[in-house]
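Okay, thanks everyone for coming. I'd like to walk you through a model I've been looking at, so have a look at the screen first.

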Amino acid sequence: MSTLNNPLLEAKGITKYFGTITALENVDLKVHAGECLGVVGDNGAGKSTLMKVLSGLYKPSSGSLFFQGKKEILESPKDSQNLGLEMVYQDLALAGNLPIGENIFLGREPTKNVGFLKFLDFNKIKELTNAHLGKLKINVKSADQKVEELSGGQRQAVAIARSTAFNAKVVIMDEPTAALAIKEVGKVLDLINSLKKTGVGVIVISHRMDDIFSVCDRVMALFQGTNFAESELSNTSRDEVIGWIMGKK
Amino acid sequence: MEEKDNNKDSLYLKLMPYIEKYGILLLLVLMILVMHILQPDVFLSWRNVTNVFKQISWQSMLALGVFMVIVTAGIDLSVGSIMMLSLMVLAIVAKAGAPWFIVVITPLIAGFLCGLFNGAGITLLRMPHPFIMTLGTLYIFRGTGNLISGGTPISGFTDEVRYLGHGRIDLTWLGLEKSQYLPVSLVLIAVVYIIFWFFLNHSRTGKWIYAIGGNPSAARASGINVNKILIIVYSLCGFLSGIGALILAGRTDSGYPNAGLQSELDAIAACIIGGASFFGGRGTVLGVFAGVMIMGILRNGLNLMDVSSFWQQVLIGSIIVIAVYIDVLRRDLGTRK
């Protein structure tokens, strides 16, 4: 773990308006290498909006993002991917009609040149997929299996594999366990812990205190679009964090 | 018990892709067999087979274009009108005395631009559904075609212009008779379908077209420029309709106001029969070809047996409903919820 003074990703004073609605107001956030930050808050507190700002899907109305100390302006998800900032969406953002491998490399498919034409390199996709899934200890029947044939936990694992296939430095996860059966939750949390060990900074948005308290190092609460409270996990308790979500200190 | 379920599951998973890919071909082969038994002397004769291919030649271009659009979970109702407008532009340019190599590219450009207009409308004007934009352009393009031609047929093209739709490849050097020629339009269908098969299955853009149909927000989150891909898809659909116009010009030697009337519905029907899903992301180029062939053979066979065209309508309609019902069943079985 690097020094706590140098965050990998830092957001300062993020404000986002949708028309007359203020979704975020002056929100700060930071995450360090190998650290897991939990973000909690009630429905409509601005968690998902904040994540979409961090992934380049939304442009903030004001405020700035710093990646490894350098100010960055994200125009699209492509920009954040190029920095090594990856997002695992709550709706998983997988195309069910495509195989696992093609989902992991969607938008960044390896190609081979045949004459002046560029063709998809299916062998390479398969090879890289198997190697990557093996590294993360994710078990599926075959990389050729379509995603719609997988269970919720397997899909979540594929989504996480997708986010880490390109040397991600920060992975942002929106409700990673919300759609899962109880026995699958543990596997996903193990996966998050192993990501942390490889030095990846992880941001987990979750409603579930179990998730927050089993993987996170620090927790911050949003309330009505503002920073409400923040603490090292060791200095707080479940009841206190639940209180923050309701807007009580 | 659990093991038995697993076996069933894995056998099913192994078979499913083949059924999805080749099931429709079985239906096609079955139809050919039935027709052959019913009309043993005529149906599989050289003359009749080439006739079927000539009849489906321009429809197959529209169907392929509409298919790509349907893969993105969209729809293009304007392909018949695009073809008519492109045909009229071709006829006017030909009558103005332009050299043949100019004449043959005008419908392709006109079709492409019409498709571009559709794509731009759907993405930039943020139409709630492609149905609305292309319903509008169904009227706009046909109206424009009638405006520029005065609503009257324009006939008489040179042989070079008619080559793709009317040309014959002589096969007497193979020892065949003079009447056993290969229509150029058949070769054109094969070439275009193979190119688009490669494009859809082996290029990144093609893969993204399927991804957009599977889950547009996943495609967007993957950094794919969804609007750009959609504009490309609708433009290519228009371009293929332009090729259809060029073939039709060759076949009929005329630009006429009713060209391609309701052919957008035939094109959609062929895609649906061929296994393309209206939900998007599903279907193959081979399936579309089979869909076009099934409709062509059905019409041809029923004509040979002197069945009323009203029955043809009933039958084609029934096949569409049954094909989609099979699609629904397949979806229920193939997806874990």
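Before the first helix, one bit of vocabulary: I call a residue buried if 20 or more other C-beta atoms lie within 10 Å of its own, with the C-beta atoms placed from the backbone. And please keep in mind that this is a predicted model.

So, chain A. Helix α1 of chain A covers residues 47–54, and how many of its residues are buried? The count is 8 of its 8, so by that 20-neighbour cut-off the helix is mostly covered. If you want to click through them, the buried ones are A:K47, A:S48, A:T49, A:L50, A:M51, A:K52, A:V53 and A:L54. After α1(A) comes A:G56, which has a positive phi, near 85°.

Now compare a spot in another helix. A:S194 sits in helix α6 of chain A, residues 182–197. Why does A:S194 count as partly exposed? It has 14 C-beta neighbours inside 10 Å, and partly exposed is the class between 12 or fewer, which is exposed, and 20 or more, which is buried. A:S194 also has a partner from far along the chain: A:G34 is 160 residues away in sequence, yet the two C-alpha atoms are separated by 9.7 Å.

Next, the strands. Chain A has an open sheet of 4 strands, in the order β2-β1-β4-β5, and the pairing is antiparallel. Which strands stand at the edges? They are β2 (21–31) and β5 (70–72) of chain A; each has a single partner strand, so one side of each is left without a neighbour in the sheet. On average, neighbouring strands here are turned by 30° against each other, ignoring direction. Zooming in on one pair, β4 of chain A, residues 62–67, joins β5(A) antiparallel over 3 bridges. One match you can find by eye is A:L65, whose bridge partner in β5(A) is A:E72.

There's also a hairpin in chain A. Strand β7, residues 111–114 of chain A, runs antiparallel to β8(A), and 4 bridges join them. Across the pair, A:K112 stands opposite A:F119 in β8(A). The hairpin leaves 2 residues between the strands, and A:G115 in that turn has a positive phi of about 65°.

That takes us to the interface. Where chains A and B touch, the contact takes 24 residues from chain A and 22 residues from chain B. On the chain A side, the elements giving two or more residues are α2 (77–83) and that β8 (117–120) again. By class, this side has 10 nonpolar, 7 polar and 7 charged residues.

Over to chain B, then. Chain B has 13 helices and 4 strands. Its radius of gyration is 21 Å, close to the 20 Å that the globule rule gives for 337 residues, so chain B is as compact as a globular protein of that length. The C-alpha trace of chain B spans about 75 × 55 × 40 Å along its principal axes. Buried residues make up 42% of chain B.

Last stop is a helix pair in chain B. Helices α4 (residues 100–124) and α5 (residues 130–149) have axes that come within 9 Å and cross at roughly 145°, and the crossing is right-handed. From α4(B) you get B:C114, B:F117, B:N118, B:G121 and B:I122, meeting B:P130, B:M133, B:T134, B:T137 and B:F141 in α5(B). That contact divides into 6 nonpolar, 4 polar and no charged residues.

Okay, over to you for questions.

Conventions: Residues are numbered from 1 along each chain as its sequence is written. Chains are lettered from A and ligands numbered from 1 in the order in which they are written. This is a predicted model: local features need pLDDT of at least 70, side-chain atom pairs count only at pLDDT 80 or more; totals for chains, interfaces and linings use all residues. Two residues are in contact if their C-beta atoms, placed from the backbone, lie within 7 Å. Ala, Val, Leu, Ile, Met, Phe, Trp, Tyr, Cys and Pro count as nonpolar, Asp, Glu, Lys and Arg as charged, and the others, Gly among them, as polar. Two strands pair if DSSP finds at least two bridges between them. The radius of gyration is taken over C-alpha atoms; the globule rule is 2.2 Å times the number of residues to the power 0.38. Axes are lines fitted to C-alpha atoms, for helices over the stretch in contact, and angles run from 0 to 180 degrees between N-to-C directions. A crossing is left-handed if the near helix is turned anticlockwise from the far one by less than a right angle, and right-handed if clockwise.
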